Amino acid sequence: MKPVAGIHNPKAAAFAEHRHEKVCAKCHEGAGPGMGSYVIHEKRPWSQQTREDFPALYWSTVFFLALAGGVFIFFMPYTTVWAWREARQHWENRHEKRKEPEKRVLVERFTRSERWMHTVLVISFMALSVTGVAWMYIETGLGKTLALPFGGGDGAVWVHRMFGLFLMTIFTAHVVYLIRSALVGKKGYLSGPDSLVWTWSDFKAVHQHMSWLFGRREHPVFDRWSWWQKFDYWAVWWGLLIVGTTGLLMFDSVLTTSVLPGWMMNVARWVHKIEAILAMAHIFVVHFFIESYRPSAFPLNAHIFHGAAELEALEKEHPAWIERMRAEGKLEERIVTQPPRAVQIAFFGFGLSMVALGLLLLLGMLFFAVDLSF
Ligand code: HEC
């Protein structure tokens, strides 16, 4: 018996070798031998049984679960202490007077293209989340309800695939743009204070911010980006690379298995699922905490939508950036006027409804998890 890669149970492997011709190709037109090693009705991927029979699935699942766990073990206590620290600070400063709206100076925090990029990302991410959860939970009331606007599970999967391709295209355009900027020698993308590249001083800022949480040190002085903004930017990269590649692998199982062994489809599906849950949990809990739930952002920090941030607030969160622009005489160019009230309300409504949708999805996923059959 010739063993099939990834399956260590000789009986299953022998069966896998031959069934594709007889069984799979009946429905999956053109299914080749590669499809044979796909494990239908696989056991729980983190079970002892899987560890013995299908180590590739077991170890990739364990790796990504550990990654997801690690992110949350770090961020849950962190954000909790952060909320408490800010609440206390707000209480202490409760008598501080704020400038009247007319007297506030506004600075363009994000450029028009940055705002557009974020909005496109928000819409794609939410569409992918809703349709992805609809499919993941399709056997439950949650999945069926979420799939309703798409005419059922198949429609939801179709929309999911379209948005997946769309997001990968946008991401590719972003990478091309970065490469081009670097090639034409545009400054500030790869190094320097405007760059999003993570440096040693960001690690130091994490440490200092942690000390600040416990009242031991001053709040770190951020330049253009705080460490959590850089983290979130790279989180999108890592998430898109992992969820995107596994998604592409699942796009056409016959095509994929004509090149790769079928058992990689099992791995791709689980890695896609775990990484997507991590991405949703991170956005709906941590990112929304930073930009919406925490006292200094509550109910929503809408800078990323209309671009205008109060100079006074920026002097607190990004003093080094403001200082630098002043010194270079560039601050004047960035002074903007208040966006029209209707625009502000529209952005606020959009942002807040995304926060609400994210929270509802997360609660729904937790609530209906017991109904899922693993
Ligand atoms: C009776 C028809 C039928 C047979 C036989 C069959 N499949 Fe499928 N298979 C389907 C259908 C229908 C889907 C769902 C397609 C969708 O959701 O778009 C599916 C989905 C899949 C998927 C999920 C990825 C995808 O392409 O959507 C994999 C992987 C898969 N089958 C592998 C196999 C393997 C391996 C065999 C042989 C052991 C097999 N199938 C036999 C009908 C069949």
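**Exercise 1. Burial and overall dimensions**

Determine what share of the 374 residues in the protein chain is buried, and describe the extent and secondary structure of the chain.

*Solution.* In this predicted model, buried residues account for 43% of the 374 residues in the protein chain. The C-alpha trace of the chain spans about 80 × 50 × 45 Å along its principal axes. Its secondary structure consists of 15 helices and three strands.

**Exercise 2. The shell around the ligand**

Establish how many residues surround the ligand, how they divide by class, and which helix gives the most to the shell.

*Solution.* Step one is the count: 10 residues surround the ligand, and the closest are Cys 24, Cys 27, His 28, Met 35 and Ser 253. Step two is the division by class, which yields seven nonpolar, two polar and one charged residues. Step three concerns the origin of the shell: helix α1, residues 10-27, gives the most, with four residues.

**Exercise 3. Iron coordination and polar contacts**

Identify the protein donor of the iron atom of the ligand, then locate the polar side-chain atoms that lie 2.7 Å and 2.5 Å from ligand atoms.

*Solution.* The only protein donor of the iron atom is NE2 of His 28, at 1.9 Å. His 28 belongs to the loop between α1 and α2 (48-53). A polar side-chain atom of His 28 also lies 2.7 Å from a nitrogen atom of the ligand. For Ser 253, a polar side-chain atom lies 2.5 Å from an oxygen atom of the ligand.

**Exercise 4. Two cysteines by the ligand**

Classify Cys 24 and Cys 27 as buried or exposed, and state how many disulfides the structure holds.

*Solution.* Buried residues have under 20% relative accessible area, and exposed residues over 50%. Cys 24 has 13% relative accessibility and therefore counts as buried. Cys 27 has a relative accessible area of 70%, so this residue is exposed. Both cysteines are among the residues closest to the ligand. The structure holds zero disulfides.

**Exercise 5. The sheet**

Give the strand order of the sheet, explain why β2 and β3 each have one side without a neighbour, and describe the pairing of β1 with β2.

*Solution.* The three strands form an open sheet in the order β2-β1-β3, with antiparallel pairing. Strands β2 (308-310) and β3 (335-336) stand at the edges and have a single partner strand each, so one side of each lacks a neighbour in the sheet. Strand β1, residues 106-108, pairs with β2 over three bridges in the antiparallel sense. Within this arrangement, Glu 108 stands opposite Ala 308 in β2.

Note on methods
Residues are numbered from 1 along each chain as its sequence is written. Side-chain values use heavy atoms; hydrogens and water are left out. A residue is near a molecule or strand if one of its heavy atoms lies within 4 Å of it. A polar contact is a pair of N or O atoms within 3.5 Å; within protein, one must be able to donate a hydrogen and the other to accept it, and residues adjacent in sequence count only if both atoms are side-chain atoms. Helices (H or I, at least four residues) and strands (E, at least two) are DSSP runs, numbered from the N terminus. Ala, Val, Leu, Ile, Met, Phe, Trp, Tyr, Cys and Pro count as nonpolar, Asp, Glu, Lys and Arg as charged, and the others, Gly among them, as polar. Two strands pair if DSSP finds at least two bridges between them. Donors are N, O and S atoms within 2.8 Å of the metal (3.2 Å for Na, K and Ca); water is not among the atoms, so sites may look incomplete. A disulfide is a pair of cysteine sulfur atoms within 2.5 Å. Buried means under 20% relative accessible area, exposed over 50%, partly exposed in between (1.4 Å probe, protein chains only).
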